[in-house]
Amino acid sequence: MRERRIADQIVPINRKYPLATLLEACRNYPGLTNARRITFEYVMLKDVNDSPAEARELVRLLKGIPAKST
């Protein structure tokens, strides 16, 4: 629950478009393959959302979605 409150504070539009809904849409995106990947951007803020546990949660959330990594 803490992660959701942080997301709502950092990105207020998250209240209108919840992360779970966005990720479900990404998983169902037509034509999504390893050749056509989605790019996700994530900003880590010191002492806000930069813990190893939060990084692991991000990996868990994106599991199964072909995504670009940089």
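**Exercise 1.** Which side chains meet in a salt bridge, and at what N to O distance?

*Solution.* The model is predicted: local features need pLDDT of at least 70 and side-chain atom pairs pLDDT 80 or more, while totals for chains, interfaces and linings use all residues. Residues are numbered from 1 along each chain as its sequence is written, and side-chain values use heavy atoms, without hydrogens and water.

Step 1. The criterion is a side-chain nitrogen of Lys or Arg within 4 Å of a carboxyl oxygen of Asp or Glu.
Step 2. Arg60 and Glu57 satisfy it, at 2.6 Å from N to O.
Step 3. The count by this rule is one salt bridge.
Step 4. Both residues belong to helix α3 (residues 52-62), three residues apart, about one turn of the helix; helices are DSSP runs of H or I with at least four residues, strands runs of E with at least two, numbered from the N terminus.

**Exercise 2.** Determine whether Asn49 is buried or exposed, and identify its polar contacts.

*Solution.* Step 1. Asn49 is located in the loop between β1 (38-39) and α3.
Step 2. Its relative accessible area is 6%, so Asn49 is buried (under 20%; exposed is over 50%, partly exposed in between; 1.4 Å probe, protein chains only).
Step 3. A polar atom of the Asn49 side chain lies 2.9 Å from the backbone oxygen of Val43, and a polar atom of that side chain lies 2.5 Å from the backbone nitrogen of Leu45. A polar contact is a pair of N or O atoms within 3.5 Å; within protein, one must be able to donate a hydrogen and the other to accept it, and residues adjacent in sequence count only if both atoms are side-chain atoms.
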